[in-house]
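Please prepare a briefing on the structure shown below. It should be arranged by topic and written for a structural biologist.

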Amino acid sequence: MAYDKFNTLKSSAVPLPIENVDTDQIIPARFLKATERKGFGDNLFRDWRYNSDGTEKKDFVLNNPTYNGKILVGGKNFGSGSSREHAAWAVYDYGFRVVVSSFFADIFRNNCLNIGVLPVQVSAEFLDKILKAIEADPKATFEVSLPEQTITIEGSGESESFDINVYKKANMLNGFDDIDYLLNISEEIKEFASDRPL
């Protein structure tokens, strides 16, 4: 399933400075019945966002109109726990294209990269600077450049680089998942196979 290409994103950010956010908090297990990537955003952080009667918890950041944007800034160890890919689907379906943390669980990181969410891992010091920038100005904007592999606090100009797998980077730039990538090189695969004995 193709997704929107990612190149450079300039956006404000939503702060969630909580450590050890696991996938069951991101999308509770009772919402894992669907097999399509649609509709999960409504239940992103469901138990943190809503009371048992379905009313919003006013003190949760996603219910605070002060904060918005396509960047979610989490605490250390974001996406730990079970390997459910639905957690990444919920983040994407809600509208986030970037998640920033000082550490990501490997499976969650890969699930994000497979569907067009860019996990930007920064140092603990730079994460603190980002959170302080948002605290000082909830409308503060940040630039995330995939080609340059940098995230910049636009107000101060401070920047830090991040790592990404070369293959995953190319896929994100083109809006490809693994199947799209193979389809894109299908002629090369056929040519390669034609030169090989059965």
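**Salt bridges, sheet and helices**

Lys-132 and Asp-128 are separated by about one helical turn, because they stand four residues apart in helix H5. Helices (H or I, at least four residues) and strands (E, at least two) are DSSP runs numbered from the N terminus. The model is a predicted one, in which local features need pLDDT of at least 70 and side-chain atom pairs count only at pLDDT 80 or more, while totals for chains, interfaces and linings use all residues. Residues are numbered from 1 along each chain as its sequence is written, and side-chain values use heavy atoms, with hydrogens and water left out.

**Salt bridges**

- Lys-132 and Asp-128 form a salt bridge, with the closest N and O atoms 3.1 Å apart; a salt bridge is a side-chain nitrogen of Lys or Arg within 4 Å of a carboxyl oxygen of Asp or Glu.
- Lys-132 counts as exposed at 52% relative accessibility, whereas Asp-128 is partly exposed with a relative accessible area of 35%. Buried means under 20% relative accessible area, exposed over 50%, and partly exposed in between (1.4 Å probe, protein chains only).
- Lys-10, Glu-143 and Glu-154 are joined into one network by salt bridges that share partners.
- A search of the whole structure finds seven salt bridges.
- Arg-30 and Asp-47 meet through their side chains in a salt bridge of 2.5 Å, N to O. This pair links distant parts of the chain, 17 residues apart: Arg-30 lies in the loop between H1 and helix H2 (46-49), and Asp-47 lies in helix H2. Asp-47 counts as partly exposed, at 37% relative accessibility.

**Arg-84 and its surroundings**

- Asp-24 forms a salt bridge with Arg-84, in which the closest N and O atoms are 3.0 Å apart. The two residues, 60 apart in the chain, link distant parts of it: Asp-24 belongs to helix H1 (residues 23-26), and Arg-84 to the loop between strand S5 (78-80) and helix H3 (86-94).
- Asp-24 is partly exposed, with a relative accessible area of 37%, while Arg-84 counts as buried at 15% relative accessibility.
- A polar atom of the Arg-84 side chain lies 2.8 Å from the backbone oxygen of Ile-27.
- Neighbours within four places in sequence being left aside, Arg-84 is in contact with Thr-23, Asp-24, Ile-27, Pro-28, Ala-29, Leu-32 and Asn-111. Contact means heavy atoms within 4.5 Å.

**The parallel sheet**

- Four strands make an open sheet in the order S2-S4-S6-S7, with parallel pairing; two strands pair if DSSP finds at least two bridges between them.
- Strand S2 (13-16) and strand S7 (118-121) are the edge strands, each pairing on one side only.
- From one strand to the next, the twist averages 20 degrees. Axes are lines fitted to C-alpha atoms, for helices over the stretch in contact, and angles run from 0 to 180 degrees between N-to-C directions.
- S2 pairs in the parallel sense with strand S4 (residues 71-74) over four bridges, and Ala-13 stands opposite Ile-71 in S4.
- Helix H5 (residues 124-136) packs on the sheet, where H5 touches S2, S4 and strand S6 (98-101), and the direction of H5 makes about 120 degrees with that of S4.
- In a regular strand, side chains alternate between the two faces of the sheet. Within S2, Ala-13 and Pro-15 point one way and Val-14 and Leu-16 the other way, and all are buried.

**Helix H3**

- His-86, Ala-87, Ala-88, Trp-89, Ala-90 and Val-91 are the buried residues of H3.
- These buried residues of H3 pack against H1, S6 and helix H4 (106-115).
- Gly-95, just after H3, takes a positive phi of about 125 degrees.

**Helix H6**

- Lys-168, Lys-169, Asn-171 and Met-172 are buried in helix H6 (residues 166-174).
- The buried residues of H6 line one face of the helix, because they fall within an arc of 165 degrees when seen down its axis. The arc is that of the directions from the helix axis to the C-beta atoms.
- A side-chain oxygen of Asn-165 reaches to within 2.8 Å of the backbone nitrogen of Tyr-167 at the start of H6.
- Gly-175, just after H6, takes a positive phi of about 75 degrees.

Methods: Polar contact = N/O pair within 3.5 Å; in protein donor to acceptor, adjacent residues only side chain to side chain.
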